[in-house]
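Q: Please take a close look at one part of this structure. Pick a residue inside the protein and work outward from there to the place where the chains meet.

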Amino acid sequence: MQRFVNDPDEVVEDTLKGFVKAHADIVRLSEENSRVIVAKDAPVDGKVGVITGGGSGHEPAFLGYTGQNLLDAVAVGELFSSPTAKSFLDAAKACNSGKGVVCLYGNYAGDNMNVKMAIKLAAKEGIEIATVVANDDVCSAAPDEREKRRGVAGEIFMWKCGGAKAAEGASLEEVRETAQKAIDSCRSVGVGLAPCTLPAVGHPNFSIEPDTMEVGIGHHGEPGVRVEPLKTAAEVGKEMANIVLDDHGLEEGAEVAVLISGLGATPLDELYILNDAISEEIAARGITIHKTYVGNYFTSLDMVGATLTVMALDDEMKRLLDVDVRCPARLL
Amino acid sequence: MQTFANASAGDIVLDMADEIVKNRGYLSDIDGKIGDGDHGVNMAKGFTMAAERIRGNDMSLAAALDTLGTVLLTEIGGSMGPLYGVLFMQCAETIEGKDEIDAKLFAAMLASGLDGIQSIGSAQVGDKTLLDALVPALAAFNGALADGKSFSEALDALVVAAEKGRDSTKEMTARVGRASRLGERSIGVLDAGATSCALILKVLATDAKEKLAAAGS
């Protein structure tokens with residue numbers, strides 16, 4: 001595949017340079033750390049800081065959700081590789097107004113370790129970091145091992161609700177609880193049709209045979225639960241909805257938000273085709289859709305495929321989800 | 001009793017850095033078979049940066065290990081940055097302020113580093129990680145001391161066990177980290193983390209033995 005790259009080893013640096021130039025009205029690069037993106041108005045007096053971090057290659061996640069009523073700072077890692085503990089620490093410092101910082105991140109080995117080290121380092125500087133670890137990816141572990149599940153696009157709802165709660169002036173514990181509730185309300189599934197390639201590696205990092213699809217695939221190509229013959233979009237959409245809704249166990253009359261994200265190299269029209277089947281399956285179960293998001297929200301380089309996230313809503317989650325935001329991703 | 005001086009022993013870390021840089025391509029190649037192929041590059045980057053800060057400053061072993069751990073933790077992300085970072089930082093804390101390093105302190109140093117790794121990571125022995133080199137190496141060192149062997153002899157036992165542990169990862173199925181995606185397909189390839197760990201331990205043991213010999217003569 002032909003690419004717009006200067007140096008395959010400088011993809012993250014070059015992305016960040018272009019990113020801050022494009023969105024200088026909303027974000028800035030940290031003065032202390034060239035791998036930390038900070039909301040322009042951070043730190044906000046009297047507000048709990050809300051941060052995340054993760055490997056690059058998932059744009060617009062993570063950095064694109066920095067902004068008003070959302071994330072205050074984001075630690076940026078190499079492609080598909082956790083940011084350093086120092087970057088998580090510097091993200092926390094950039095938005096700490098004295099009320100503490102909540103780090104809302106996904107359940108991956110590297111991120112878990114770097115965040116743990118950042119918490120230790122921050123404590124030495126008198127900064128309290130609370131955490132919520134996203135684990136919305138249904139196929140990554142069985143229902144009785146939810147703590148082992150990975151975090152995927154449900155993180156966006158976690159950031160949205162946690163960020164909105166913090167913007168209301170809530171305490172660190174209140175923001176943490178809200179973000180925890182948000183991610184507990186989310187279930188996601190991914191379906192992969194073709195693998196992705198790290199530019200510096202130059203070849204795909206796994207393979208999906210022609211005419212097959214991998215159901216339950218992770219954001220870095222982690223294995224799915226099964227490889228199946230490729231079906232029609234209507235059948236795939238229904239299967240995705242069933243995986244998510246069966247795990248969720250929602251009652252008839254429940255209200256949800258739906259997020260369908262492309263994995264990087266799937267055209268938008270195909271996502272809308274999927275949504276047709278997904279929304280019909282949800283409606284058939286007597287569940288009301290409050291809001292639907294369709295787009296490239298959380299990608300995996302040039303992977304072909306899509307993820308579905310369904311979030312169960314109560315009045316508070318609905319209110320927080322509906323708060324207006326201003327962020328570079330411009331998709332919320 | 002055999003001991004070596006903490007002061008000026010920071011050159012051990014410079015030798016570790018040389019060894020890692022020498023094996024950059026090899027480590028990345030074995031990582032590339034079941035991981036993302038960046039282990040050698042990332043390790044070499046971190047150790048080189050640390051060596052630049054250590055060289056010419058006549059550091060103690062404690063100061064040099066702290067420098068190395070801090071660089072890995074602050075400059076190298078992913079999983080290896082925090083794992084090796086916490087290992088070396090806790091090793092440094094254990095020997096900080098101690099003039100002489102005897103076998104007991106050496107064992108405590110490695111045990112503390114191992115504790116650090118286990119406090120942030122979830123891997124167990126047998127999961128095809130650097131623990132498969134580090135854990136048996138420390139056990140062999142302690143076992144040799146319990147058998148009445150000298151510090152030098154225990155260091156020999158440590159190296160043998162580290163390399164045996166490294167080799168044992170070849171037949172293991174990766175259960176944590178990126179390679180766990182491959183399940184049984186990860187069998188037949190050495191773990192890159194266990195391999196780099198065995199290299200580091202060998203340099204540490206070899207240099208420590210030289211210092212013991214020099215101190216004893």
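**From a core residue to the interface**

A: Start with Leu65(B) in this predicted model. Leaving aside residues up to four places away in sequence, Leu65(B) touches Val13(B), Met16(B), Phe88(B), Met89(B), Cys91(B), Ala92(B), Ile95(B) and Met109(B).

Now widen the view. The largest nonpolar core has 97 residues. Leu65(B) is among those with the most contacts inside this core, along with Met16(B), Phe47(B), Phe88(B) and Phe106(B). Helix H9 of chain B, residues 192-216, gives the most to this core: 12 residues. There is also a second, separate core. That one has 60 residues, including Ala257(A), Tyr293(A), Met303(A) and Met311(A).

Next, turn to where the chains meet. Here 17 residues of chain B are in contact with 21 residues of chain A. The size of an interface is often given as the accessible area lost when the parts come together. Chain B and chain A bury about 1,600 Å² between them. Carbon and sulfur atoms hold 59% of that area.

Which helices of chain B each supply at least two residues to the side that touches chain A? They are H4 (61-75), H5 (80-95) and H6 (103-120). H5(B) gives the most, with four residues. By type, the residues on this side of chain B are six nonpolar, seven polar and four charged.

Finally, look at the pairs across the interface. Three residue pairs are in polar contact, both residues at pLDDT 80 or more. Between chain B and chain A, the count of salt bridges is zero.

Technical notes. Residues numbered from 1 in each chain as written. Chains lettered and ligands numbered in written order. Predicted model: local features only at pLDDT ≥ 70, side-chain atom pairs only at ≥ 80, totals over all residues. Heavy atoms only, no water. Contact = heavy atoms within 4.5 Å. Buried area = accessible area lost by both parts, 1.4 Å probe. Salt bridge = Lys/Arg side-chain N within 4 Å of Asp/Glu carboxyl O. Polar contact = N/O pair within 3.5 Å; in protein donor to acceptor, adjacent residues only side chain to side chain. Nonpolar A, V, L, I, M, F, W, Y, C, P; charged D, E, K, R; others polar. Core = buried A, V, L, I, M, F, W, Y, C linked by side-chain atoms within 4.5 Å. Buried < 20%, exposed > 50% of the residue type's maximum accessible area, 1.4 Å probe, protein only.
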